[in-house]
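Hi,

Here's the structure I promised to pass on to you. Have a look at it first, and then read my notes underneath.

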Amino acid sequence: MPFRFRRLTVYFSTHLLVLMIAMFFTLSLVSLHEELNYTSHRQQESFAQILNVTELSTANALWQYNNVDIEASGDSLFQNPEIVMVQLIDNRNIERYYRVKSGPSTADEYLHRYDRLLYKNNVPVGEIVIVFTNYYAQQQVYANALGKAQQLALILCILGFAIWLITRPIVNDIRHLTLSAQTMAAGDLSRSIRLTTRDELGALAVSFNQIAGNLQEHLSELQINEARFRSLVANIPGIVYRCSPDENWTMEFISDTVEEISGYPASDFINNQVRSFSSIIHPDDRAYVAASLSDVSGSHRSYSIEYRIIARDASIHWMHENGQEIYDENQTLLWLDGIIFDISGRKETDTRLQQYTQRLEAGNHLASLILSAAPLSTISLEIINKLTSVIPCSEAALFSFPLNKPQVCLLAASGPIPLHWQDNLSQPAAKYPWVEKLQAGLPLAINDQEGVAQPLEKDDTPIHMEFPLLMGSQLIGTLHLAALPGKVFSSDDQAMAASVSSLLALALQRHELEEQRIEAETALRNSERKYRTLFEGANDAFLIIENDRFVECNEKLLHLFGRTREELLHASPLDFSPPTQIDGRSSAEAATEYLKLALNGEAQCFLWNHLHADGSLFTVEISLNRIFLPPKTLIIAALRDVTDRLLAQDRLQRANEDLERRVSERTAQLESANRELEAFSYSVSHDLRAPLRSIDGFSLALLEDYAQQLDAQAKSYLERVRNASQRMGALIDDMLKLSRITRCELHPVTIDLTLLAEEVGQELREQHPDRSVDLMLEPGLTVLGDERLLRIVLENLMNNAWKFTAAQNPAQISLRQTGQDAQGRNTYCLQDNGAGFDMTYSAKLFGAFQRLHRESEFPGTGIGLATVQRIIHLHGGRIWATGTPGKGACFYFTLPSANTPSKEVLL
């Protein structure tokens with residue numbers, strides 16, 4: 001064969017061989033690419049079938065929150081070697097299952113995510129997420145490709161030299177293509193094969209470039225999926241973490257959400273570079289967290305714990321952590337994966353919800369208590385105790401202002417009685433502080449220390465509250481509350497107290513109405529009992545007339561008429577009356593007129609003749625009065641048998657006439673005796689005074705004319721004679737005054753006793769200018785009496801006080817009113833700080849000529865106090881005295897007040 005032919009044949013053979021090799025290589029790469037795609041597609045279909053098989057059981061487990069079934073479903077998926085991560089999330093976005101594998105198959109370039117929403121009865125119950133790897137499939141594909149490559153390499157080795165010799169022109173292209181393929185195989189898909197030939201190598205280069213482009217697209221998709229995963233983690237409202245199971249729980253990964261919650265960046269916790277996560281756990285909760293993690297260690301169980309952390313700004317957050325231990329095929333603990341949620345808001349909500357629930361239950365209980373039929377007095381303390389169980393209080397008290405009582409009542413109290421109420425209990429309600437403000441219906445904020453009450457505003461935080469309980473516009477009670485020391489009442493406390501006070505107001509209203517009803521029923525029963533007692537037990541006969549007929553009568557009437565109740569009831573008054581009456585009119589005419597006038601409201605009282613059952617005639621005094629018992633108008637008649645009274649009146653009239661005659665005769669005799677007594681008194685006074693004047697005069701004459709002849713003893717005798725005669729004269733004068741007072745007639749007028757005492761005191765000062773006496777008179781003392789006689793009383797009493805205080809400097813004399821006696825007479829006291837007297841002899845004090853002191857000490861006749869007693873008795877009063885020797889005396893006397901009728905004084 002010519003060389004050219006051989007060369008051409010070799011050339012073509014070489015080209016053909018090269019073309020075949022190139023086609024084989026290209027087809028291998030295409031096959032590899034298609035096989036990779038087919039394998040990936042087959043994996044997805046396989047996983048879809050697996051999910052279809054487990055979907056129903058997993059959905060049921062998530063629907064029922066059955067952790068055992070959830071674990072079983074997750075484990076059945078996780079056993080597939082091509083699945084590297086399984087995550088089950090319920091419809092509350094809580095991770096219920098999470099497991100992940102580690103190893104070369106979990107490199108990001110091999111991973112693919114597949115997730116599916118799970119439904120139960122068309123209701124979403126959760127989501128299943130799996131991440132599978134095509135590492136094993138690629139390895140198998142690459143192994144097959146490697147076998148083919150080895151075959152191709154063998155062929156290339158055999159034909160290499162020949163090809164190199166034959167196909168040298170294309171060696172460079174093949175070398176370039178090979179280098180590019182190696183670069184792509186190394187993972188650099190950004191480099192393309194630059195062959196512009198249009199032969200098989202060029203086509204192969206294009207295929208390589210397409211394969212690289214497809215692979216680069218798949219890689220981009222993987223990167224996008226990874227970015228989505230990271231974005232999902234970043235958007236989860238919690239802290240996603242992975243930590244090593246070492247003693248420090250070193251964080252390998254923690255989401256950036258940790259900074260939003262704790263204030264510390266996530267980089268601080270990675271590998272515990274700056275701080276560990278346990279360092280921000282509340283010191284009181286660290287032991288609990290450590291114990292909880294120890295309990296689940298090695299148990300292959302997920303854990304769920306709640307604890308507090310201290311954020312960077314010192315605020316405290318409640319956290320809820322869900323976690324799971326991750327093991328490899330050899331059951332070696334690799335790490336802990338979990339998520340931590342901030343549940344501070346939920347905790348606060350739960351606390352407030354619990355408080356609201358407690359208050360709602362307490363409110364319902366209080367409402368049932370208050371609105372029950374039980375008396376308020378028996379449930380008041382239980383109401384206060386229940387109220388203080390939901391509203392913390394140091395003081396709680398319920399007061400009522402009964403409408404039928406003048407004072408306030410304490411119904412119940414928890415703790416001490418409020419300070420501003422202690423001094424006012426049982427006082428009239430009008431005297432209580434803040435009553436006017438509470439009457440307006442607004443609750444008050446009160447401070448015990450300052451005693452200031454202001455209307456309770458919406459945003460106030462009071463330490464004391466007073467809630468008015470009203471019935472209409474009438475204040476019927478108050479609810480007092482005081483906060484615990486150092487605390488204030490919140491708006492919720494105020495709202496609760498306001499609601500309870502409204503219910504208490506209703507209870508007090510019911511209580512008041514019940515009290516009024518009971519009082520009304522009691523009054524009605526008492527009235528009925530009194531009516532029946534009076535009606536049946538009265539001394540007079542009573543009957544009730546309706547339409548000219550007897551409808552009711554008492555036993556006295558039956559006895560008066562001598563008839564039975566059946567005979568009297570429904571009979572007419574005319575059935576038991578004679579034809580004519582006392583005034584000469586017919587009984588029918590008189591009865592019609594009296595009944596007509598009584599029905600018109602004019603009370604009637606008249607005498608009437610009736611017939612007894614035995615036919616005898618008797619006279620009664622009848623009183624007719626109209627009474628209304630809607631819808632009826634009745635007449636009540638009171639009958640009194642006056643037959644005996646009329647006879648007695650006749651006898652009494654004759655006796656009065658005889659008595660008047662005798663009184664006239666006796667009065668004339670008394671007047672004659674008084675005139676004779678007065679003449680005797682005058683005669684005694686005149687006849688006795690003349691000898692006394694003679695004795696006194698001659699004794700004085702002896703002393704003056706014969707003083708030189710008389711020795712001292714004779715002069716002393718004469719002085720004693722003179723003093724005795726003068727004393728005898730004073731006694732005669734006092735006796736005459738006492739007799740005149742006994743016979744004198746009273747002329748009562750209104751007298752200013754204070755002014756009268758001032759006049760007597762001024763006269764005494766003028767008589768004794770050398771004396772220093774403090775006269776203390778109460779102003780405005782007015783009495784009803786005879787001015788002349790009362791002046792004598794004051795002159796005697798004040799003169800005695802002036803006399804017996806001679807040894808005191810200064811002397812003190814006072815006149816004041818001390819009260820009233822049982823008869824309504826005013827009681828006065830004239831007191832001094834003089835010599836006083838022994839109470840043993842007080843009975844002799846007001847006797848005539850009786851003395852408790854020697855005349856040498858205090859001169860006098862002993863008639864003055866007897867005169868005072870006579871005058872006080874004439875005014876219907878009485879007089880008595882108290883005293884202590886050396887400390888003075890006090891004379892008490894009673895006199896009619898200025899508004900006493902004059903005739904009562906005369907009586």
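Let's start with His 570, which you'll find in the loop between helix 14 and helix 15. Keep in mind that this is a predicted model. The phi angle of His 570 is near 70°, a positive value in a residue other than glycine. That's worth a look, because most residues other than glycine have a negative phi. Asn 272 also has a positive value, with phi near 55°. To find Asn 272, go to the loop between helix 6 (257–262) and helix 7 (283–296).

Now back to the loop that holds His 570. Which residue there forms a salt bridge with Arg 549? The partner is Asp 575, and the closest N and O atoms of the pair are 4.0 Å apart. This bridge links distant parts of the chain: Arg 549 sits in strand 17 (residues 549–553), while Asp 575 is in the loop between helix 14 and helix 15, 26 residues away. The count for the model comes to 20 salt bridges.

Ile 582 is in that loop too, between helix 14 (565–568) and helix 15 (587–599). Together with Leu 607 and Leu 646, Ile 582 makes a nonpolar patch on the surface, with about 230 Å² of accessible area in total.

Next, scroll along to a pair of helices. Helix 19 (residues 787–804) packs against helix 20 (residues 864–874) at an angle of about 145°, and their axes are 9 Å apart. The crossing is left-handed. On the helix 19 side, the residues in contact include Leu 789, Ile 792 and Val 793, and on the helix 20 side they include Leu 865, Val 868 and Ile 871. What classes of residue make up this contact? There are 9 nonpolar and 4 polar residues, and no charged ones.

One last thing to check is the loop between helix 19 and strand 24 (811–820), where Pro 810 is found. A cis peptide bond joins Asn 809 to Pro 810, with omega at about 0°. Most peptide bonds are trans.

Have fun exploring!

How values were computed: Residues are numbered from 1 along each chain as its sequence is written. This is a predicted model: local features need pLDDT of at least 70, side-chain atom pairs count only at pLDDT 80 or more; totals for chains, interfaces and linings use all residues. Side-chain values use heavy atoms; hydrogens and water are left out. Patches are made of residues with over 30% relative accessible area and no salt bridge: like charges are joined within 9 Å, nonpolar side chains (Val, Leu, Ile, Met, Phe, Trp, Tyr) within 5 Å. Accessible areas come from the Shrake-Rupley method with a 1.4 Å probe; for residues, only the protein chains shown count as cover. A salt bridge is a side-chain nitrogen of Lys or Arg within 4 Å of a carboxyl oxygen of Asp or Glu. Helices (H or I, at least four residues) and strands (E, at least two) are DSSP runs, numbered from the N terminus. Axes are lines fitted to C-alpha atoms, for helices over the stretch in contact, and angles run from 0 to 180 degrees between N-to-C directions. A crossing is left-handed if the near helix is turned anticlockwise from the far one by less than a right angle, and right-handed if clockwise. Contact means heavy atoms within 4.5 Å. Ala, Val, Leu, Ile, Met, Phe, Trp, Tyr, Cys and Pro count as nonpolar, Asp, Glu, Lys and Arg as charged, and the others, Gly among them, as polar.
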